Amino acid sequence: MQVDADLHVHSRYSKAVSGAMTIPSLAENARFKGLGLVGTGDILNPKWEEELLKYTEKVDEGTYERDGIRFLLTAEVEDSRRVHHLLIFPSMEAVREMRERLGPYSSDIETEGRPHVSLSAVEIAELASELDVLIGPAHAFTPWTSLYKEYDSLMEAYGDTKIHFLELGLSADSGMADMIKAHHELTYLSNSDAHSPMPHRLGREFNRFEVEEITFEEIRKAILKRGGRKIVLNAGLDPRLGKYHLTACSRCYTKYSLEEAKAFHWKCPRCGGGIKKGVHDRILELADTEERPKDRPPYIHLAPLAEIIAMVTGKGVETGAVRAIWERFLREFGSEIRVLVDVPVEALAQVHEEVAKAVWAHREGRLVVIPGGGGKYGEIKLPEEIRKAPIDELDSVEVELPVEKPRQRSITEFLGVKP
C-alpha cells in the first residue's frame with residue numbers, strides 16, 4: 001500500500017505557531033489534504049504528549065490514530081550551535097527517556113515545543129542511536145538553523161555516528177541535494193515544517209511511502225530501505241519558491257549574486273539589512289559530484305492548491321472566494337493531493353478551467369516562477385498563452401519562460417556604492 005506522509009510539523013506549544021495546531025485539527029486537515037500519516041511534532045513537550053494521548057488511540061508501538069489518520073511520534077530539537085535535528089521515536093517510552101536524558105541540558109524542554117539543548121549534533125545523534133530513535137538534519141540547507149549554515153559536511157557535524165535521513169526543506173529538492181556525494185546513501189524526507197494546520201501549510205511537502213502497514217516499524221524500514229519498503233515519491237515546493245532560495249537581503253529582499261554579497265560584507269547597500277546566503281548558492285559551494293543515485297525516487301514540484309487558486313483568481317489565499325473553489329475541488333475529488341498529483345486535467349476543468357490549467361502548468365514545470373530569497377517566498381504566475389489555450393491543446397502551447405537570477409554587476413555599478 002501507499003501512504004502520503006508529512007513527518008515534520010509543530011504544535012501550539014512552539015513559538016510562532018498557530019493556536020489551532022491541535023490533534024483534532026491536524027487530523028481533520030490531514031484528511032482534507034490527502035495525508036494518511038502525520039508526525040506529531042513537539043512530542044518531547046509533556047503537555048503535547050498529554051493531548052496526543054487524550055485525542056488518539058494507540059494502534060501499534062510508536063503509532064497512534066484519530067479519525068483514520070495515523071500519527072508517528074516526532075520532535076525537533078535545537079543543539080548548542082542552533083542547528084535543528086528531526087527525531088522519529090519508536091515508542092512513547094523512548095520519548096520519555098529522551099526527555100529525561102535531555103533534561104539536564106535544556107531549560108525549556110518542559111515548556112517549549114522545540115527545545116534548545118546544550119549538546120552538540122554528535123552528542124544528540126549518539127543519544128538517538130542509543131535509544132533506537134531515527135535522526136537526521138531538519139531543513140538541512142536553510143540559512144538560519146540548519147546543518148549547512150554551521151558545517152560543511154555531515155561528517156563534520158555528526159562524526160561517525162549514523163544518521164538515517166536528510167530533510168530537504170522548502171528551498172531544496174532531491175536534484176539539488178544530490179550534488180553532494182555524501183548524501184547519496186541517505187533517504188530524503190520532504191516535510192512541511194507546518195506552523196498552521198491549514199492545507200496550504202500542512203502537507204505542502206510530503207513523502208509517498210510504499211509499505212505493508214502504516215506503522216512506525218514499516219516507516220522505519222522504508223527510511224532505511226529495507227524489506228522492499230521505500231519512498232516512491234517526494235513532493236514539495238519548487239525550490240525557487242522557498243524563502244531562502246537565492247541570496248538576498250533579509251529586510252528589503254533585494255537579490256544579490258554571491259560575489260556581490262561577499263563584496264558588501266553581507267550588508268545590503270540599499271537598506272542596511274543583513275544579506276542571507278541562499279540555498280542555491282550554498283549548495284553550489286558544497287557541490288562535488290554530477291552523479292545521481294539510481295534508486296532516488298522522483299521529486300515532483302507542487303504548490304498548495306489554495307495558492308494556485310489565489311494566483312488564478314487574484315484573491316488572497318485565505319479569502320472566502322478561494323476557500324469556496326478549494327472546497328468544490330475537494331467535494332469532487334476527495335483530497336488536495338489527488339487534485340494536485342493524480343486527477344486528469346480534463347476532469348479538473350469540469351470544476352474550474354483556469355485552475356485546471358494552472359495545475360497542469362505546475363505539473364509540467366511551465367509556470368513563471370519569481371524566486372524567493374532573504375525570507376520572502378517566491379511567486380508563481382500563469383503564462384497568458386496557457387491561460388488562453390483550450391484544455392485539449394495545452395500540450396502544444398509554446399511558452400518561453402524567463403530565467404530569474406541576480407544579474408552579474410560590478411560593485412561600482414550597483415547603486416554607485418563601493419564595498
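User: How many helices and strands does the chain have?

Analyst: Helices (H or I, at least four residues) and strands (E, at least two) are DSSP runs, numbered from the N terminus. The chain has 16 helices and 16 strands. This is a predicted model, in which local features need pLDDT of at least 70, side-chain atom pairs count only at pLDDT 80 or more, and totals for chains, interfaces and linings use all residues. Residues are numbered from 1 along each chain as its sequence is written, and side-chain values use heavy atoms, with hydrogens and water left out.

User: What does the radius of gyration say about the chain?

Analyst: The radius is taken over C-alpha atoms, and the globule rule is 2.2 Å times the number of residues to the power 0.38. For 419 residues the rule gives 22 Å and the chain has a radius of gyration of 22 Å, so the chain is as compact as a globular protein of that length. The C-alpha trace spans about 55 × 55 × 40 Å along its principal axes.

User: Is Asp-281 buried or exposed?

Analyst: Buried means under 20% relative accessible area, exposed over 50%, and partly exposed in between (1.4 Å probe, protein chains only). Asp-281 counts as buried because its relative accessibility is 13%. Of the 419 residues of the chain, 59% count as buried.

User: Where does Asp-281 lie, and which residues does Asp-281 touch?

Analyst: Contact means heavy atoms within 4.5 Å. Asp-281 lies in helix α10, residues 279-286. Leaving out residues up to four places away in sequence, Asp-281 touches Thr-247 and Leu-258.
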